[in-house]
Amino acid sequence: KLRMQETARILNTCEDLYCIGFQEVTDRLQMYLAPALHDYQFYRQPSAQYGCSLAVHNCVRVLDQGWQRYRNTVMQRGFLYVRVELPSKHQIILTTTHLESFTGPQYTGVDQRAPQLREMESWCNQQFSISDNLNGCIMTGDMNWKDETDHGKGTDPVMGTVVPLWQDAWLTTRTSGGSCFTYDGKRNPMLCNTLKRRFDRILLRSVAAKSTSL
């Protein structure tokens, strides 16, 4: 409860934070988090006690929202999306996802993650192709991605090679000295390992990309 309240306190202090994506949200966490983010409307993955949620600020007009389940998943994974009109009158689509997870040597999720990411990208690209009012798409989430190529041993490829038309927000805006890790077993006392990875990503594609062949 205290962790969710502190998370909400930090988010409530951020200016112009229109949409927030969450993963690994349980019924109990949702019960504490949603009321604490008092200026937001919540949308949640249907029929899931553990899944994705999106918080959308009340100053934003929601035009559409929904859930798309991945074709290749054994973990009920997919992406949650909202199409919104911002106060600036620009329209964007925001998605949040939790790509397939590692559960052990018998199921690493590597074979599923790239197709899942491409499936989400394909859906976003389709929205560009059918709408003249869409200014941009943002794909966010816990993508369990390591950006490593290991000569066929089963690790993930560099994400930019899977969705080359999309900008990685951290790579675009990073400054020297900033930490890239969203999972840090040394700094996070809740973790009992030394693993450091940038599992979580924000990927963007603007209206200018509509001129690119899909």
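For these notes I count Ala, Val, Leu, Ile, Met, Phe, Trp, Tyr, Cys and Pro as nonpolar, Asp, Glu, Lys and Arg as charged, and the others, Gly among them, as polar. I also keep in mind that this is a predicted model.

**Entry 1, the largest pocket.** With those classes in hand I looked up the lining of the largest pocket, and its residues divide into 25 nonpolar, 13 polar and 11 charged. The lining is made by 49 residues, and those nearest the centre of the pocket are Gly21, Gln23, Asp142, Thr182 and Asp200. I then asked which elements give two or more residues to this lining; I found the helices α1, α2 and α3 (110-130), together with the strands β1, β6 (91-98), β7 (134-142), β9 (183-184) and β11 (200-206). The largest share, 7 residues, comes from β1. For the space in this pocket I noted about 1,800 Å³.

**Entry 2, the sheet that holds β1.** Since β1 had come up in the pocket, I followed this strand further and found it in an open sheet of 3 strands, in the order β1-β3-β2, with antiparallel pairing. β1 and β2 are the edge strands, each pairing on one side only, and the twist from one strand to the next averages 25°. Looking at one pair in detail, I saw that β2 and β3 are joined in the antiparallel sense over 5 bridges, and that tyrosine 40 has histidine 57, in β3, as its bridge partner.

**Entry 3, the helix across the sheet.** Next I turned to α2, which lies across β1, β2 and β3 and runs at about 145° to β1. Which residues of this helix, covering 27-36, are buried? I wrote down Gln30, Tyr32 and Leu33. An α-helix has 3.6 residues a turn, so residues three or four places apart point the same way. When I looked for what covers the buried residues of α2, I found that the cover includes α1 (2-12), β1 (19-26), β2 (40-44) and β3 (50-57).

**Entry 4, phenylalanine 181.** My last look-up was phenylalanine 181, placed in the loop between α5 (169-173) and β9. Is phenylalanine 181 buried, exposed or partly exposed? I count phenylalanine 181 as partly exposed, because its relative accessibility is 36%, and the partly exposed class lies between under 20% for buried and over 50% for exposed. Leaving aside neighbours within four places in sequence, I found phenylalanine 181 in contact with Lys196, Arg197 and Arg198. I also checked phenylalanine 102, which is 79 residues apart from phenylalanine 181 along the chain, and noted that their C-alpha atoms are separated by 18 Å.

Technical notes. Residues are numbered from 1 along each chain as its sequence is written. This is a predicted model: local features need pLDDT of at least 70, side-chain atom pairs count only at pLDDT 80 or more; totals for chains, interfaces and linings use all residues. Side-chain values use heavy atoms; hydrogens and water are left out. Buried means under 20% relative accessible area, exposed over 50%, partly exposed in between (1.4 Å probe, protein chains only). Contact means heavy atoms within 4.5 Å. On a 1 Å grid over the protein atoms alone, a cavity is a set of points where a 1.4 Å probe fits but cannot get out, and a pocket is an open set with protein on both sides within 12 Å along at least five of seven lines; lining residues have an atom within 4 Å of a point. Grid points are joined across faces, edges and corners, and a volume is the space filled by probe spheres set on the points. Two strands pair if DSSP finds at least two bridges between them. Axes are lines fitted to C-alpha atoms, for helices over the stretch in contact, and angles run from 0 to 180 degrees between N-to-C directions.
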